Amino acid sequence: MSGYAAVSYWLDTCADDLTARPPLDGSIEADVAILGAGFSGLWTAYYLLQHDPTLKIAIVERDIVGFGASGRNGAWCTSGFGAGPRLLAKRYSRDVAARVHDLMIDTVGEVGRVCEMEGIDAHYQRDGELIVARGRHQLPTLHHIEEEYARIGRADHWQRLDAAEAKAKLAVTNAVGALHQTASAVVHPGRLVRGLARAVERAGAVIYERTEATGWTPGRRPVLHTARGDVRSDAVVLAGEGYLARLRPTHRQVLPLYSLIVLTEPLSDAQLAEIGWTHRSVVQSCALTVDYLSRTADGRILFGGRGAPYHFGSRIRPEFDMHEATHGRLRAAVREWFPQLGNVGFSHAWGGCLGVPRDFMPTMTFDRRSGIATARGYTGEGVAATNLGGRVLAAQICDVESELVSLPTVGHESRNWEVEPLRWIATRYLQRASLRIDEQATQSGKPPTGRSLTERLIGH
Ligand SMILES: Cc1cc2nc3c(=O)[nH]c(=O)nc-3n(C[C@H](O)[C@H](O)[C@H](O)COP(=O)(O)OP(=O)(O)OC[C@H]3O[C@@H](n4cnc5c(N)ncnc54)[C@H](O)[C@@H]3O)c2cc1C
């Protein structure tokens, strides 16, 4: 097993050999060149080959398949979409918001369908999602979420639970109510991303690992440049998500924000029964700082959260994956949520960067004139949405008739993030303010006003 197993529990337990595939060795010609072997790049390759099995597809990956967010995430495979119903309704229309919502529900099913068809044992389980109000101060958020879905005609998406019903689903301390839905799934992201890579290879794509793309030249035959040769093709797909911040043309298109995770040792069946987590629903609270929980197939609790500092200049470095202050806070949160578990042990801690666009709106688009396609900007909700992105790009590149190409993600351009030091000052301010607002609400028992600058800027 290579050093890549240390990246996350998911790569550690993906039941795949992590030895890197051979890198690109000199310049080549292809039909489609893809930067990045995460979900975005692989789903795009998968659906391209469904449309046209004769396509020659070259995927270049700086590290190994699943090295990025796809091999590190919280395992939520949900209908969540960077831009939520409220934002989509405001910016486009209620119909568009409802359409995206419905498509995303189908997308969660599509991920399961492909796993089944391709024999990918990704521990896919569709047990739904629970949003818990931990304390009365979080109840208004449940109400806002219900309102948001009712406004787009999808009030039936969530079922409201009172305190007793919420606790029956999951015995979390201070639970005073919850929302529950049955559409979300949970996966083993490492098995999913590595299995998907095998599926696209079986279909004929070639993945070059340890091959860093250094840039691209648009044109009739666009070129993806790498340190080990060029790939000349009919379309270049940029599927680097947060890492695109490292490349000059996309440097300010996405903000690489770190999200961190801790994982417990496996719990016994008795412990899982005691906290009521015998199902595998994914769980979160209504905290502004965003927390996300899931349960692995072998009975571990995954607790993730944002809050690790943004790094000046959008820097991304291996050492940023670990941040003891944040990991310590997450371990303490597990004990606070589930005191029944006593001094539960932790086996893993890791982190990774997500890609946040300035307007929270994912982009899935192919510009035929420049030959450049991109799917990016999932803001921490890309496990399922990247599948939609892959289908949207494949339909555009192959020029097939599809209702997907009328989505507002097509042709979308987010405005750039601010230049430094403004970007750093604003992001750190929002990160610190979110933590402070959560702390104050917990201590005072009063809900945040919803009117602060921070809430207005991030409450999309
Ligand atoms: C800690 C964490 C928790 C998350 N939790 C969830 C969750 O529970 N549910 C959810 O829906 N979403 C979650 N997300 C977000 C989700 O994981 C991502 O949206 C999704 O995986 C993005 O996939 P991607 O292929 O676009 O990007 P990535 O998986 O990041 O893939 C990009 C790939 O490009 C490669 N690359 C980068 N630069 C270059 C280059 N120059 N040349 C060649 N290759 C390059 C990288 O090595 C990487 O493999 C989480 C993200 C993180 C970091």
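This passage describes the ligand shell, two strand arrangements and the main nonpolar core of a predicted model. In this predicted model, local features were accepted only at pLDDT of at least 70 and side-chain atom pairs only at pLDDT 80 or more, whereas totals for chains, interfaces and linings use all residues. Residue numbers start from 1 along each chain as its sequence is written.

The ligand is surrounded by 42 residues, of which the closest are G36, G38, G68, G74 and G382; a residue is assigned to this shell if its C-beta atom, placed from the backbone, lies within 6 Å of the molecule. By composition the shell divides into 18 nonpolar, 17 polar and 7 charged residues, where Ala, Val, Leu, Ile, Met, Phe, Trp, Tyr, Cys and Pro count as nonpolar, Asp, Glu, Lys and Arg as charged, and the others, Gly among them, as polar. At least two shell residues are supplied by each of α2 (39-51), β14 (255-264) and β18 (346-356), and the largest share, 4 residues, comes from β18. Helices (H or I, at least four residues) and strands (E, at least two) are DSSP runs numbered from the N terminus. Both domain 1 (3-73 + 189-253 + 359-406) and domain 2 (129-181 + 255-356 + 420-458) contribute at least three residues to the shell, the domain bounds being those of an automatic or database domain assignment.

An open sheet of 4 strands, with mixed pairing, follows the order β1-β12-β11-β10, and its edge strands, β1 (28-29) and β10 (213-217), each pair on one side only; pairing requires that DSSP find at least two bridges between the strands. Strand β1 runs parallel to β12 (residues 229-232), to which 2 bridges join it, and I28 stands opposite V231.

Strands β19 (residues 363-367) and β20 (residues 372-376) pair in the antiparallel sense over 5 bridges, with M364 opposite A375. The two strands form a hairpin with 4 residues between them, and G371 in the turn has a positive phi of about 75°. Of the 5 residues of β19, 4 are buried (20 or more other C-beta atoms within 10 Å of the residue's own, with C-beta atoms placed from the backbone).

The largest nonpolar core, a set of buried Ala, Val, Leu, Ile, Met, Phe, Trp, Tyr and Cys residues joined through C-beta atoms within 7 Å, has 135 residues, and V32, L42, A45, I57, I59 and V237 have the most contacts inside it. Helix α2 gives the most to this core, with 8 residues, and domain 1 and domain 2 each provide at least three. Leaving aside neighbours within four places in sequence, V237 is in contact (C-beta atoms, placed from the backbone, within 7 Å) with V32, I34, L35, G41, T44, A373, T374 and L393.

Technical notes
Buried ≥ 20, exposed ≤ 12 C-beta atoms within 10 Å, placed from the backbone. Contact = placed C-beta atoms within 7 Å.
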